[in-house]
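Me: I am new to this structure and would be grateful for a close look at one part of it. Please describe the open sheet, and then place it beside the nonpolar cores.

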Amino acid sequence: MKLKCTLLLSLWTCLTFAQELYFPPALGAWETTAPADLGWCEDQLTDLQAFLDERDTKAFILLKDGRMVLEWYYDDFTQDSVWYWASAGKAMTATLIGIAQEEGLLSIDDPTSDYLGQGWTELTPEQEAQITIRHQLTMTTGLNDIGVNVDCTDPECLTYLQAPGNRWAYHNAPYTLLGAVIEAASGLTLNQYLNSRLMSQIGGIGAYIPLNYNRIVFSRARDMARFGHLILANGQWGGTSILGEEEYVTAMSTPSQDLNPAYGYLWWLNGQESFQQPRLQFNFPGSIIPTAPDDMFAGLGKNDQKVYVVPSENMVVVRLGEDAGEGLLALSDFDGLLWEKIMSLECGVTSTQNIAEGPLLTLAPNPVKDQLQLNTHQAIEWLHLISLDGKRQALPAANQVDLSTYPSGIYWLEIKLEGSDPVVRKVVVN
């Protein structure tokens, strides 16, 4: 009886969820929700729009329950303009792998050499056979990413560093080769598979375009929003199952390994106890975006191409444009500032009220030559400066830090504010 009730409750929950979500047609108008109907205030909306403009945004979309709430374009960008996703496209590839597995074309526990053939790396046959599709999805192949061209997919570029599963590294080449895995498994080109299995089903268009070794997704902003909404709906689209393997959908948006808890299957995960940054081999404490909801997960690309999915809010957010400030591969200070403003849109909510998950903190100037000013309303308990090789040094717990004696380069400042978990900010010393 208990089991029966549980199943009925689950069914009721799924049906209720499906009824709440709206799915836009391939052609015709996209239903909207007015910001005022959500209790959002004009002043905060104006502030958000100006912030996005200042940060060289080209397109910004916010969906709530699938309906369009905000759709802003800047300069000469329009609904029909096409832009690149950069590494946010990893989330698309992870979804296609899941669809291929559901079709029985592959298993993510298969050795990659089953599809790429023996010799796709410089490893011994025994070493190579240990690398699976799952390792590619989780960035744990163990292939060397130190002092090499991390985009190069030629066998001579793919050398042994550690056994697979023992090291997390943001290594582009093994990820890129997932496209070749899909092609070998399906007998179709990657773009044929993308559009026949996914984009045509959700009313979108898109394509992987080769750029040097990389394959970069290009689409319109609305197509990216449709994709985010598909993932919000657990792979379902208006009664059609695009990716119905529940275990795989869950695995994409939950920790895929213990090395970097903030990484699923090529998706970044918020609300975890620690995270690694691309190119760094140590973990920072806390969430990747403390100002965003804990259950948010995201496709994050270079120059701040973003698709955020927030199940607790039935929300999808898309941002396309130029570099918003730091030129990082995935995470940047833009994420935290953007979500601070989104979570403050409701009338009567100020940013300081809204940031229980993370502190309000700005650094200036950045880049810095000598004195770095930390602007915050909270007391500073301690500071650590971390170099790119992982060396950590304690600094005086003060609002002004002298960095004049440090060599030029990129550093990470780990900051513990009173009453908050430690946060990390990038600092560039000139």
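Reply: The following account begins with the sheet and then turns to the cores. The model is a predicted one.

The sheet is open and consists of four strands, arranged in the order 17-16-19-20 with antiparallel pairing. Strand 17 (392–395) and strand 20 (423–429) occupy its edges. Each of these two has a single partner strand, so one side of each is left without a neighbour in the sheet. From one strand to the next, the twist averages 30°.

Within this order, strand 16 (residues 380–387) and strand 19 (residues 409–417) are paired with each other in the antiparallel sense, and seven bridges join them. One residue pair illustrates this: S387 has Y411, in strand 19, as its bridge partner. In general, strands of a sheet pair through backbone hydrogen bonds, whether parallel or antiparallel.

The nonpolar cores come next. The largest has 104 residues, and F60, L137, L198, Y308, W339 and I342 are those with the most contacts inside it. Apart from this core lies another, of 19 residues, which includes L374, L395, I415 and V423.

W339, named above for the largest core, merits a closer description. Setting aside residues up to four places away in sequence, W339 touches I289, T291, A292, P293, M296, Y308, V310, M315 and V317. Among these is Y308, itself one of the residues with the most contacts inside the largest core. As a general matter, nonpolar side chains in soluble globular proteins tend to be buried together.

Methods:
Residues numbered from 1 in each chain as written. Predicted model: local features only at pLDDT ≥ 70, side-chain atom pairs only at ≥ 80, totals over all residues. Heavy atoms only, no water. Core = buried A, V, L, I, M, F, W, Y, C linked by side-chain atoms within 4.5 Å. Buried < 20%, exposed > 50% of the residue type's maximum accessible area, 1.4 Å probe, protein only. Contact = heavy atoms within 4.5 Å. Pairing = 2+ DSSP bridges. Axes fitted to C-alpha atoms, helices over the stretch in contact; angles between N-to-C directions.
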